[in-house]
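Welcome! Please take a moment with the sequence and the 3D view, and then work through the exercises at your own pace.

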Amino acid sequence: MEFERRSLPERISGLWQLAFNLRWTWHPEAREVFRRLDYPLWRLTSHNSVRMLHLTTKQQLRQAARDPAFVALYDAAIEGLGRALTSKESWWGRTYPGLPNRPIAYFSAEFALHQSLPIYAGGLGVLAGDHCKEASDLGIPLVGVGFMYPQGYFHQKINSNGQQEEVYEHLEWEHAPVEQVFTKDGKPCILSVALGDRTVQVSLWCVRLGRVKIYLLDTSVKENAPADRELSARLYGGDLETRLKQEIILGVGGVRALRALGYQPMVWHLNEGHTAFVTLERIRELLDRGERFDAALEKVRRSTIFTTHTPVAAGHDVFDIDLVESYLAGTWENAGSYRDEFLRLGYYDNGLGPMFNMTALAIRSTSATNAVSQLHGRVTLDMWAQLWPSVPERERLLQTVTNGVHVPTWIAPDMARLFERYLGVNWKDEHDAANFWDGIALIPDEELWAVREALRSYLIAFIRERARQLWTQKQVTAARVVAAGTLLDPAALTIGFARRFTDYKRPELIFYNPERLARILTAFRRPVQIVFAGKAHPLDHPGKHHLQNIFSRAIDPAFGGRIAFVEDYDLHVAHFLVQGCDVWLNTPRKPFEASGTSGMKASINGALHLSTGDGWWAEGHTGSNGWLIDGGVTVDDPAAVDAADAEALYKLLEEEVVPAFYDRDVNKVPRRWLQLMKEAIRTTMPRFSARRMVKQYADWMYAPGFSVDPTL
Ligand SMILES: *Cc1c(COP(=O)(O)O)cnc(C)c1O
């Protein structure tokens with residue numbers, strides 16, 4: 001499947017290289033090249049650089065190559081990319097000079113890199129994508145491994161009854177920023193993984209993020225049986241058995257892919273339990289070389305770390321032991337006599353008999369496990385208490401590395417320009433230094449407010465444009481056009497709620513008392529509006545039910561057209577929302593949110609977080625950088641907790657949020673609000689950046705791994 005790349009005018013022939021390295025997604029000067037090439041097409045393709053190069057006309061390209069302004073932009077972008085790829089200078093190099101030139105392998109079942117690659121479902125993927133982008137910025141020699149799902153995660157359509165419909169679209173390969181991997185002699189790089197008594201062929205794709213490469217496994221290879229070709233078709237698409245097969249391919253096939261490409265990682269980082277079969281393949285490699293099982297396990301342990309993300313017991317992958325055994329039957333080869341030892345690493349009994357648990361496997365076969373917020377750390381220790389006794393004392397440590405977001409990816413361009421002006425053009429270099437952000441006080445209130453109003457207006461324009469498309473292209477009902485946000489007011493206090501639709505996140509908490517909410521939304525001269533977005537997993541029926549209820553609220557005249565539901569939440573929609581809302585609402589039932597990251601994206605943009613004290617907010621809230629929803633009820637009675645939290649939420653809205661937003665001085669500037677915004681940016685930017693997070697992984701887990709036996 002090698003695609004012809006159309007030829008470009010010689011002068012700008014590097015556009016292909018620019019388009020295929022997603023570094024442009026977080027470097028405005030590179031982004032500008034594509035915007036300038038054809039702005040309407042840029043919008044039409046939802047910023048798909050590769051697709052654009054296929055769709056621009058010859059005429060346009062020839063013109064661009066002759067336009068001095070375009071060529072200057074192009075040269076600067078090419079130079080920036082070239083420098084990024086060849087520079088010897090980096091944080092990693094400075095901090096850890098003289099380490100062997102070997103990589104850290106980062107495994108994840110999903111990566112959210114750009115909307116043109118729908119290989120993510122939500123927060124886990126965003127975290128993995130942000131981690132890899134930051135590793136590139138810091139010069140950490142990281143290589144990612146994941147799945148290329150040709151049908152990705154679904155696109156969401158809402159029908160006229162407010163029901164979610166899932167639409168799967170096959171990726172147009174030649175229009176996506178991925179390249180197939182070939183061997184040195186020009187053949188597709190294919191490896192094989194045994195599943196039970198048959199063998200599945202896996203091909204490889206590569207995505208570039210600056211210096212970092214991510215390899216994506218794909219089973220849609222023509223030699224495979226039709227069912228196997230479909231194995232990697234969709235993210236979280238299949239039943240439990242499909243999931244197991246996918247995870248064997250990811251773990252076992254992923255290690256083989258790295259070996260086929262010549263990688264010898266020093267550290268192996270498993271992002272969530274889906275990836276834990278990596279340890280099986282590495283143990284097998286060592287057994288093949290004549291090691292004993294215990295020694296092999298110990299070596300694998302000392303070079304592998306694990307990040308767990310799920311405080312909900314049901315969220316951990318659990319398989320029938322016999323099923324695991326039968327699918328692994330062909331994988332063992334020479335190591336077959338140790339299969340019981342291996343299977344025991346995954347044993348876990350939650351009271352219903354022993355099962356094979358991927359998190360248990362990961363905890364037992366790695367030297368460090370980390371949780372993703374302080375609170376999640378405490379929950380995790382409790383949850384896996386029965387595992388720790390089987391782990392040697394010195395390894396019973398559970399670390400915490402609180403999640404963070406990739407600032408250059410999530411910061412609004414207008415906000416970045418303000419920082420450049422008042423904090424210095426190199427503000428991105430220092431953005432994880434706490435004191436640096438004291439400088440936020442230098443930004444005049446009026447200017448910060450102007451940016452906030454602009455960001456809100458971009459959001460409303462984006463929402464209305466989508467509503468217009470529904471109306472003109474799909475001829476949907478008028479009610480759907482209203483629900484899509486047509487009646488939103490660009491000047492009104494705008495609350496955002498966007499994330500996966502699932503019960504514990506309580507998307508409907510704010511409707512607990514509909515009359516009281518309607519009074520808040522439709523108040524004379526102090527209107528408030530709420531924008532919802534989010535997909536429910538196809539099998540999450542309660543989640544879908546919440547979504548449908550919200551749709552019916554959106555078309556209920558009692559709420560004045562001030563509630564909108566934006567379809568098909570993805571990275572693109574997320575950018576508009578976290579940047580354009582004034583308030584970011586987050587209402588998870590404690591302690592089910594491991595961390596949450598959308599509130600961090602909002603906070604660094606000065607959108608104020610209004611959240612229960614779960615996940616990162618338990619450590620992020622300072623008392624003056626947003627609001628804490630705390631109903632004070634901790635008993636194990638969800639109904640009582642909901643009632644108390646809803647009451648606390650309404651009180652905050654009525655007494656603090658709305659007044660702070662609408663109390664304006666003679667220049668119509670809300671001084672109190674701006675104070676809160678500045679405090680939000682000052683306190684969250686350094687601490688909840690991916691830079692702080694990835695440096696912690698590097699200092700606590702990656703660099704120490706380089707002192708482990710290099711012959712592994
Ligand atoms: C950030 C993000 C998420 C995660 O949101 P949470 O509120 O942390 O659950 C999910 N989906 C998309 C598209 C995102 O950008």
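Three exercises follow, each with a worked solution.

This is a predicted model, in which local features need pLDDT of at least 70 and side-chain atom pairs count only at pLDDT 80 or more, while totals for chains, interfaces and linings use all residues. Residues are numbered from 1 along each chain as its sequence is written, and side-chain values use heavy atoms, with hydrogens and water left out.

**Exercise 1. Describe the surroundings of the ligand.**

Step 1. Begin with the shell, counting a residue as near if one of its heavy atoms lies within 4 Å of the ligand. There are 14 residues around the ligand, and K505, G596, T597, S598 and K601 come nearest.

Step 2. Sort the shell by class: 5 residues are nonpolar, 5 polar and 4 charged. Here Ala, Val, Leu, Ile, Met, Phe, Trp, Tyr, Cys and Pro count as nonpolar, Asp, Glu, Lys and Arg as charged, and the others, Gly among them, as polar.

Step 3. Look for polar contacts, which are pairs of N or O atoms within 3.5 Å. A polar side-chain atom of S598 is 2.5 Å from a ligand oxygen. For T597, a backbone N or O atom is 2.6 Å from an oxygen of the ligand. The side chain of R499 has an N or O atom 3.2 Å from a ligand oxygen.

Step 4. Check how covered the ligand is, using Shrake-Rupley accessible areas with a 1.4 Å probe. Alone, the ligand exposes 390 Å², and the protein buries 95% of that.

**Exercise 2. Place the ligand among the domains.**

Step 1. List the domains, whose bounds come from an automatic or database domain assignment. They are domain 1 (2-86), domain 2 (102-157 + 176-404 + 695-705) and domain 3 (408-683).

Step 2. Find which domains line the ligand. Both domain 2 and domain 3 give residues to its shell, so the ligand lies between them.

Step 3. Turn to domain 1. Its centre is 34 Å from that of domain 2, taken over C-alpha atoms. With contact meaning heavy atoms within 4.5 Å, 17 residues of domain 1 touch 18 residues of domain 2.

**Exercise 3. Trace a hairpin.**

Step 1. Identify the strands, which are DSSP runs (E, at least two residues) numbered from the N terminus. Strand 3 (residues 155-158) pairs with strand 4 (residues 164-167) in the antiparallel sense over 4 bridges; pairing requires at least two DSSP bridges.

Step 2. Match partners across the pair: I158 stands opposite Q164.

Step 3. Follow the turn. The hairpin has 5 residues between strand 3 and strand 4, and G162 in the turn has a positive phi of about 80 degrees.

Definitions and conventions: Polar contact = N/O pair within 3.5 Å; in protein donor to acceptor, adjacent residues only side chain to side chain.
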